[in-house]
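Reader: I should like to understand how the terms used for a protein model are justified. Please set each value against its definition.

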2 protein chains.
Amino acid sequence: MLKSTPEGEPGVSNFALTELAIPVLSDKQVLCKTLYLSLDPYMRSQISGRHISGSIKPGDVLHGETVSEVVESLDENYKVGDKVRCMGGWQEYSVHSAKELTKVSEKIAPSSYALSVLGMPGLTAYAGLVWQAKPKAGDVVVIPAATGAVGSTAGQLAKSLGCKVIGIAGSDEKCAYAKEQLGYDECINRRTEDLASRLDELCPKGVDIYFDLVGGEILNTVSARLAVGARVILCGLMAEYNQKERIGGPPPGFWIRSRATVYGLVVYDYEHRRQEFIDACLPLVNNGSLKTREDIAKGIAAAPEAFCRLMQGANMGKALVQVS
Amino acid sequence: MLKSTPEGEPGVSNFALTELAIPVLSDKQVLCKTLYLSLDPYMRSQISGRHISGSIKPGDVLHGETVSEVVESLDENYKVGDKVRCMGGWQEYSVHSAKELTKVSEKIAPSSYALSVLGMPGLTAYAGLVWQAKPKAGDVVVIPAATGAVGSTAGQLAKSLGCKVIGIAGSDEKCAYAKEQLGYDECINRRTEDLASRLDELCPKGVDIYFDLVGGEILNTVSARLAVGARVILCGLMAEYNQKERIGGPPPGFWIRSRATVYGLVVYDYEHRRQEFIDACLPLVNNGSLKTREDIAKGIAAAPEAFCRLMQGANMGKALVQVS
C-alpha cells in the first residue's frame, strides 16, 4: 500500500507491505490469485491525484491491472484455473464480481502479454498510432520512450506501415535496442545528444507524427519541428508525473503554423475495440514481427522497487511483477 | 510603411507615410486603386517576424488585403471599374498581375463585406467552426474576442446551429452588443469578471468547442474546463502578438483528460473552399440573420492609428480603412 505521498521521484520507503486475511466470498464473487501485476507510469499520476481513473492516498492499496488465476468461484461463468484480466491491484489475491473480469485467451502466451504488447500498452499504441494519427507510408514518426511498453509497439507498427521512425530514449543501451531489435531508423539519446539539432538533421522536412508519452521539454522541442499537416498524440506526461504542478505545453503557434491536429488519448475510450486490436496484432506477435520485452520483478514485495525503477526510466521493456 | 519595429503595443510613431510615383504598367499588369484596406491582428505577428505569410521590417510597406477598383489594365480579363480583391497593402494604389486578383461579385454589397463577414475573417470563422469543430445542437461553444471580425461570425453561426454560445469580450459595451445584437447566450467581460468562476457557472458540464483567437491565459483557463470530446480551434494569438517571445500553451494534461481534438487553423488552407463558404453565408447576410459591424477609418493616413486601436481591442467590429 501507499505509506506516504512522495514529493518528486518516489522511493521504496513511500510504500509498505501488509498482510490481511483473504475475504470470504459472497453472492457471485470470484477469488483471484495474481500471476502478473502491471506497473505503469500513470500510477504516479494517481498518487499525485491528477489521473482521471482516481487518486491513491496513504493507506490505500495501489491499483493496477493484473493477469490472475481463478482459485475460487461462486459464478458459474468462471471456473478454478481460468486466467483472467482484472484490476487486482498490488496484491497477491483479489476478489471481484464477474463483470470486473475478462478471460484471457489461451492464444495469448505467455499470459503476461495480456498486460504488455497485447494488453493496455499495446492497445494504447495501436489506438494512438493507427486509429488517431493514421500514418501514411513515408511519414516521419517520432516516438519518445522508444523502448517502453507503448513506444516500442508504436515504433514497430509505424515501421511496418512504411514510416521513417525516429526514437528518443534515455541510454545508449536503449538506443541500440531500438535500432537493432525494434527496427527504428534512428534513435536519439536524450541524455547525451542535443535533441533539437539531431531532429533538424534527421527530419529536415519536419515531423509528421509525434506520439507524445512524456510532455515537458521534449514535447516542446518536437512541436517546434512539425511538418504541415502533422498529427500529435498526447498520451503520457512522464515529465510531470513527479512534479507538484502540471507543466505548461508548447506555444500554440507551433501547432497553428503546422496546421497540426492534436489528439488527447485515453486508452479506456478504446476498450470496445480491444478485440479488433488483438486480432490485428496477435499474428504479428506470433510471427515475430512485433517484438516485446518484459522487465519482470519477482514477488509482490519487489513491486515498490520495480515501480521506482520505472519512474527513473531504469526499466528495459514493459515493467511487470510476477506475483506468484 | 513600417518605420520602426515596436516593442510591445505598437504606436502611430512606428509608422510613416511616404509618397511614391505610381509605377508604369508593363506586360499584362493591372493598376488598382484601393477602396478598402483590411486591418488584422496577424499583421502584428508579421511585424514580429513570426507569421507564416512573411515578415515586415522597417522600410517595408505593410501588407494587407484590399478591395480595389481597376483603374488601368493591360489584361483583357480585367476592365476599368472592376472591383477586385487583392493584397494591395497599406497603399492608395497597387500594381498586380491578373493571377493576383480575384473579382468581387456584385452580390457582395457593400463591397467591404468581401474583407469582413464574406471575406477572410468570415471564411476563418466558417472553416474553424463548421468544417473543423463540427458543432452539434446543444454543444457549449466559447468564443473570445466575441465581437471581433472572426468571433462575431463564429458566434452567430454556432447559435444558428443550435449551440449554447458564451462570448468573452473586453468591455461591457462589447458584451451588451454580443448578447443583444449577435445572439450570444452570455458574454463575460474579461476585464471586470473572473473568467474561471464565470465559466464554471455558465458551463457546469464543461466546454465542447473553444474557438481560440487569443492564446495566453484565456486559452489556459478554458482548456482546464473542457468537456470530454471537446474540440479546440487554435487560430489566433492576440495575447502574444505584442510580446517578444512566444507564450507557452496549456498543460497537455487538460487535453488528454478531455480527449480533446485540437486543430491548428490557417485560413489560407481553405481558399479552395471560399465559394462554398460564400454560398452558405451570403443568404444569411442578406436576410439579416448573420450580422456584421465594421469599424471604418477614413484615408490611408488613418491606418496606423486604426491598427493600434485594433491591437488594444478598442475597435468595435471588423477594422477597415476606407482609402478612397
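Reader: What rotation and what shift superpose chain B on chain A?

Author: In this predicted model, a rotation of 180° with 0.0 Å of shift along its axis places chain B on chain A, with an RMSD of 0.0 Å. That is the relation of a two-fold axis. The superposition is by least squares on the C-alpha atoms of residues with pLDDT of at least 70 in both copies. The same surface serves both copies, since 100% of the contact residues of chain B recur in chain A; contact means heavy atoms within 4.5 Å.

The model is predicted, so local features need pLDDT of at least 70 and side-chain atom pairs count only at pLDDT 80 or more, while totals for chains, interfaces and linings use all residues. Side-chain values use heavy atoms, without hydrogens and water; residues are numbered from 1 along each chain as its sequence is written, and chains are lettered from A and ligands numbered from 1 in the order in which they are written.

Reader: Why is the pair B:Asp295 and B:Arg309 called a salt bridge?

Author: The term requires a side-chain nitrogen of Lys or Arg within 4 Å of a carboxyl oxygen of Asp or Glu. The closest N and O atoms of B:Asp295 and B:Arg309 are 3.5 Å apart, so the pair satisfies the definition. B:Asp295 lies in strand β12 (residues 294-298) of chain B and B:Arg309 in helix α10 (residues 303-311) of chain B, so the pair ties together parts that are 14 residues apart in sequence. Helices (H or I, at least four residues) and strands (E, at least two) are DSSP runs, numbered from the N terminus.

Reader: What makes B:Asp295 buried or exposed?

Author: Buried means under 20% relative accessible area, exposed over 50%, and partly exposed in between (1.4 Å probe, protein chains only). B:Asp295 has 18% and is therefore buried, whereas B:Arg309, at 30%, counts as partly exposed.

Reader: How do you know that B:Arg274 forms a salt bridge with B:Glu271?

Author: The closest N and O atoms of B:Arg274 and B:Glu271 are 2.7 Å apart, so the pair meets the criterion. B:Arg274 is buried at 9%, and B:Glu271 is partly exposed at 38%.

Reader: How many salt bridges does the structure hold over all chains?

Author: The structure holds 36 salt bridges over all chains. One of them joins A:Lys103 and A:Asp82, whose closest N and O atoms are 3.9 Å apart.
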